[in-house]
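User: I would like to go through this structure by way of some specific questions. Please reason briefly before each answer.

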Amino acid sequence: MDSRDCRDTPLPAWEAIALDKRSQRDAAIPAEWRLQAGSVPKSRLNVTRVPVESGILVSREIDITETDAPLLVQKLAAQEYSSYEVTLAFCKRAAISQQLVNCLSEIFFDIALETARQLDAEYEASGVLRGPLHGLPVSLKDCFKVAGTDASIGCTAFASQPTSEAEESEVTKIMRQSGAILFCKTNVPMALMSGETFNAMYGYTSNPYNRDLSSGGSSGGESALLALRGSPLGVGTDVGGSIRIPAAFCGLYSLKPSFGRFPTYGLRDALEGQEAVRNVVGPMSTSVTGLELWSKAVMQSEPWVGADPDCLNMPWRNVQMPEKLCFGLLLDDGIVKPLPPVTRALLVTKAALEKAGHTVIEFRIDDPLYTDRLKFALYRSATADALNKILDQTQEPWPRGYEVLAEMANKSSQPQNGDRERSPQSADGRATVSQLWEAQAKRTAFSKRMLTAWADTKLKTDTAREMDALLMPTTPWPASQKYEFSYDNYTSLWNVVDYCATTIPVTQVLPTEDTKPEYKARAELEAKIWQDYSPESMAGCPVSVQLVGRRLNEEYLLEVTKMCDAAIKESSPRK
């Protein structure tokens with residue numbers, strides 16, 4: 001062993017990079033915005049009110065940050081607020097949020113404040129709004145490229161590679177053109193490949209309602225920031241539930257669109273070129289009207305003209321809503337039965353809809369595990385190789401929770417059949433091109449079955465129409481324990497068939513009502529989830545539901561979501 005003091009041993013490359021990036025981020029928080037040491041003990045799990053109690057925000061800033069995005073835009077247009085003071089308020093609250101739950105990856109408050117100051121001067125001189133998001137601070141998931149910042153997606157290999165203006169993501173450019181003030185980016189799991197948010201560079205992002213729980217993933221930094229009102233409007237991405245899962249865990253509204261509605265061009269993606277299940281961009285907010293505000297702003301930019309070759313020429317459509325709706329209801333997919341708080345939220349929603357005069361019918365999914373098997377063939381089998389190449393660049397180790405992928409990567413790097421070259425077959429678990437084609441054909445066949453099943457609901461409704469939306473769980477949990485997320489089929493199913501979906505917060509975990517019943521699990525995974533369930537350990541955590549709509553039917557689904565949300569609020573105010 002070397003006789004030198006172990007403290008003189010150089011850090012591994014990845015660890016040195018991670019330390020440097022954390023230091024840069026933390027230094028971007030002004031001293032006067034820092035919480036006093038010990039003021040928030042680790043034992044305090046629910047920290048949602050800490051920003052208000054901290055003394056860092058003045059009363060006007062509290063009012064600003066507790067206002068939903070659409071009303072903020074109105075007040076900014078009326079010059080009741082300046083963009084500078086709104087941006088300053090959210091920068092301060094985002095800084096507090098970071099200290100509480102570790103939700104930020106890139107901080108550029110100083111640039112945001114100067115941009116807001118210039119926007120105010122421009123508006124004062126011209127009287128013309130920059131765009132539909134004039135002066136509104138907007139936060140972005142780390143995978144969006146913003147000039148002067150990294151888009152590291154939790155990988156040390158992508159650190160210290162600041163984006164140039166020419167490289168910015170199209171959504172970033174559209175936000176600027178719409179008048180939004182970009183002020184921070186939010187933490188993600190390594191390479192965006194997890195249902196909860198943690199990586200070797202920035203660490204774990206906790207749930208503000210209970211810091212022992214996950215904030216979800218992969219847009220988990222975004223959900224945690226929004227839940228703490230550190231941002232009025234955020235943008236995430238979703239290839240398997242990455243918008244809806246964190247939104248549900250943190251009590252937010254969200255929209256996962258079908259592919260082609262909103263631009264995805266220019267994102268940092270560890271699986272670039274994977275097109276079997278397409279990644280989509282969507283909004284997350286504290287109100288359903290916030291989702292609509294963002295969606296209309298993006299559509300107003302006409303992204304199909306010059307921003308993204310995959311965007312459909314489909315301007316935002318105004319829809320006429322019938323007075324009476326019919327909802328399908330899926331309580332259990334037959335694989336993992338949701339935990340009691342989720343089932344209660346679904347039944348509460350059902351009762352509220354029926355009280356409002358709407359109809360709810362049973363809906364079942366034909367062979368739900370079919371799409372779970374398809375996901376592996378469609379893209380997961382290639383994930384291990386892609387991530388292994390990224391990690392190798394800085395010798396970063398595989399993180400906890402990625403053991404299956406790490407094992408696959410190790411197998412694929414071993415010589416097959418005694419040969420130095422890899423076998424062209426799938427002996428290492430990876431799909432060949434012909435197997436991918438076969439999987440895609442099966443995906444299309446399953447989509448046709450889903451299309452038929454959806455259309456056939458017309459025979460069960462009393463509206464002379466098919467069901468307007470499908471009400472179902474987002475995940476089996478209200479929010480999973482840290483490092484315990486293990487099931488995404490309630491969300492990823494809709495990525496495979498490319499339907500749109502939203503989330504709605506309904507209630508919170510109530511230990512007296514959400515007691516643990518006797519339940520005989522059907523398989524090992526379900527048994528583990530139910531065995532670990534303790535209502536006391538997630539008391540007060542938000543409980544949300546998912547609404548699914550037909551493919552490319554975002555406008556209609558948002559209107560249905562508004563009506564559902566109104567029925568819930570009218571029936572029983574959220575506790």
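User: Which residues does Trp494 touch, leaving aside those up to four places away in sequence?

Analyst: The model is a predicted one, and contact here means heavy atoms within 4.5 Å. Residues up to four places away in sequence are not counted. On that basis, the residues touched by Trp494 are Arg244, Lys256, Ile365, Met450, Leu470, Met472, Tyr499, Gln546 and Val548.

User: Which residues touch the most other members of the largest nonpolar core, and which helix gives the largest share of this core?

Analyst: The largest nonpolar core has 152 residues, and Phe109, Met175 and Trp494 touch the most other members. The largest share of this core, nine residues, comes from residues 83–101, that is, from helix H5.

User: How many residues form the other core that includes Ile243 and Met284?

Analyst: This core lies apart from the largest one. Cys250 and Leu252 are also among its members, alongside Ile243 and Met284. The number of residues in this other core is seven.

User: Is Ser219 buried or exposed?

Analyst: Ser219 is placed in the loop between strand S7 (210–214) and helix H8 (220–227). Its contacts include Ile243 and Met284, both of which belong to the core of seven residues. Because its relative accessibility is 0% and the cut-off for buried is under 20%, Ser219 counts as buried.

User: Which residue has its backbone oxygen 2.8 Å from a polar atom of the side chain of Ser219?

Analyst: Ser219 touches Lys141, Thr197, Gly236, Thr237, Ser242, Ile243, Pro246 and Met284, not counting residues up to four places away in sequence. The backbone oxygen that lies 2.8 Å from a polar atom of the Ser219 side chain belongs to Ser242.

User: What is the largest C-alpha distance among the residues that UniProt lists for "binding site"?

Analyst: The unreviewed UniProt entry lists Leu192, Ser218, Val239, Gly240, Gly241 and Ser242 under "binding site". These residues are spread over 51 residues of sequence, yet they cluster in space. Their largest C-alpha distance is 11.1 Å.

User: Which residues does Leu192 touch, not counting residues up to four places away in sequence?

Analyst: Leu192 is in the loop between strand S3 (181–186) and strand S4 (198–199). With a relative accessible area of 9%, Leu192 is buried. Its contacts include Ser218 and Ser242, which the UniProt entry also lists for "binding site". In full, Leu192 touches Lys141, Cys143, Ile153, Ser218, Ser242 and Arg268.

User: What is the relative accessible area of Gly241?

Analyst: Gly241 lies in the loop between strand S8 (233–238) and helix H9 (244–249). Gly241 touches Gly217, Pro246, Thr491 and Asn495, not counting residues up to four places away in sequence. Gly241 is buried, and its relative accessible area is 1%.

Terms used:
Residues numbered from 1 in each chain as written. Predicted model: local features only at pLDDT ≥ 70, side-chain atom pairs only at ≥ 80, totals over all residues. Heavy atoms only, no water. Core = buried A, V, L, I, M, F, W, Y, C linked by side-chain atoms within 4.5 Å. Buried < 20%, exposed > 50% of the residue type's maximum accessible area, 1.4 Å probe, protein only. Helix = DSSP H or I, 4+ residues; strand = E, 2+ residues; numbered from the N terminus. Polar contact = N/O pair within 3.5 Å; in protein donor to acceptor, adjacent residues only side chain to side chain. UniProt positions renumbered as here; feature names shortened; annotations may be inferred.
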